[in-house]
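Welcome! Here is a short tour for anyone meeting this protein for the first time.

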Amino acid sequence: MARTLYCWRCKMDIPMLDEREWEEVRPLLRIRPDDVGARRQSALDRYHAITGFRETEPNAIFHHRIRLYGPPCEACEKPLRTPNATWCAVCGAHTDKATVLRRHRQFMFGIDKGRSGQVDAEWLGPPLETECPAEHGHVNRPNVAHSSARWLIVLPGAIAAGIASLIPLHLVLYQTLTGSGLIEPYPELPERILGPLVATATFVWAGAKIAPSHKGKTALTLSGLVVLLGCTALGLGLAQTPIFGQLIQLKYRGLILIGAVAGAVLGFALALHDESSSKSIPDRP
Ligand SMILES: [Zn+2]
Ligand SMILES: [Zn+2]
């Protein structure tokens with residue numbers, strides 16, 4: 001039977017339908033050119049009869065369906081946004097995948113004890129696509145395979161982005177310093193010092209962007225990697241070991257290290273900023 005749950009799109013508690021009720025309402029929401037108004041009104045009426053709540057926007061019913069949501073967050077009790085979510089968008093709590101799956105099964109079991117066997121079988125079936133109309137722009141379909149594949153490209157993607165960032169840097173510096181006739185010939189030092197900063201900032205930021213979840217932790221790990229490599233390079237410098245056949249002067253090496261570490265910190269800050277702004281929720285249509 002319908003249950004009142006917090007809807008993150010509407011930002012309010014609202015009655016949500018179980019699967020049997022959804023099957024009653026769904027045909028009424030189907031849009032046909034000849035009878036749009038009447039059918040959609042009958043969907044609203046049916047929803048009202050089931051839940052006692054007078055909804056005025058037929059599109060909202062598409063996502064007021066228990067099945068689309070995850071179990072209640074262990075910390076704040078608001079439903080997780082999807083059955084596969086391990087992160088609570090309301091309070092930020094993280095849960096591991098196995099716990100979420102177990103809690104979701106228990107949750108669906110409790111929705112309608114009389115239909116528990118059926119619900120369990122439904123849950124074991126393939127993930128459902130939501131019925132949300134395209135104009136909502138919601139993508140709720142759980143996609144585990146996609147997210148694991150994305151983890152594989154975090155490091156290569158971050159490295160590629162870091163290297164690629166050197167091209168615009170070179171162009172900007174060249175244009176500013178030599179292209180404008182300010183300094184001839186092109187001084188290499190600014191690029192040598194700014195390069196590591198821009199490259200490591202991009203490396204950390206892009207890695208966090210690619211990561212499907214745990215973006216903060218990813219950024220922290222990548223920053224740590226930069227610092228570790230930087231310290232290794234400094235150590236080799238102190239030991240007068242050539243890198244790529246070159247013995248870079250220690251004073252430059254120190255500057256490069258400082259630039260790289262500053263870039264890593266900058267990238268980490270950018271990633272955290274991105275993550276916190278992505279938590280803002282779109283308004284109800
Ligand atoms: Zn809603
Ligand atoms: Zn929570």
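The notes below go from the overall fold to the cores and then to one helix.

This is a predicted model, in which local features need pLDDT of at least 70 and side-chain atom pairs count only at pLDDT 80 or more, while totals for chains, interfaces and linings use all residues. Residues are numbered from 1 along each chain as its sequence is written, and chains are lettered from A and ligands numbered from 1 in the order in which they are written.

**Overall fold**
- The protein has 11 helices and two strands, taken as DSSP runs numbered from the N terminus (helices: H or I, at least four residues; strands: E, at least two).
- Along the sequence the pattern reads β-β-α-α-α-α-α-α-α-α-α-α-α.
- Of the 285 residues, 26% are buried, meaning that 20 or more other C-beta atoms, placed from the backbone, lie within 10 Å of the residue's own.

**The cores**
- The largest nonpolar core (buried Ala, Val, Leu, Ile, Met, Phe, Trp, Tyr and Cys residues joined through C-beta atoms within 7 Å) has 20 residues, and Phe 203 and Val 204 have the most contacts inside it.
- Helices H9 (189-210), H10 (215-238) and H11 (250-278) each give two or more residues to this core, and H9 gives the most, with nine.
- Beyond its neighbours within four places in sequence, Phe 203 is in contact with residues including Ala 158, Leu 222 and Gly 267; contact means C-beta atoms, placed from the backbone, within 7 Å.
- A second, separate core of 19 residues includes Met 16 and Leu 80.

**Helix H9**
- H9 bends by about 30° at Gly 195, and Pro 196 follows within four residues; the bend is the angle between axes fitted to the seven residues ending there and the seven starting there.

Key. A residue is buried if 20 or more other C-beta atoms lie within 10 Å of its own, exposed if 12 or fewer, and partly exposed in between; C-beta atoms are placed from the backbone. Two residues are in contact if their C-beta atoms, placed from the backbone, lie within 7 Å.
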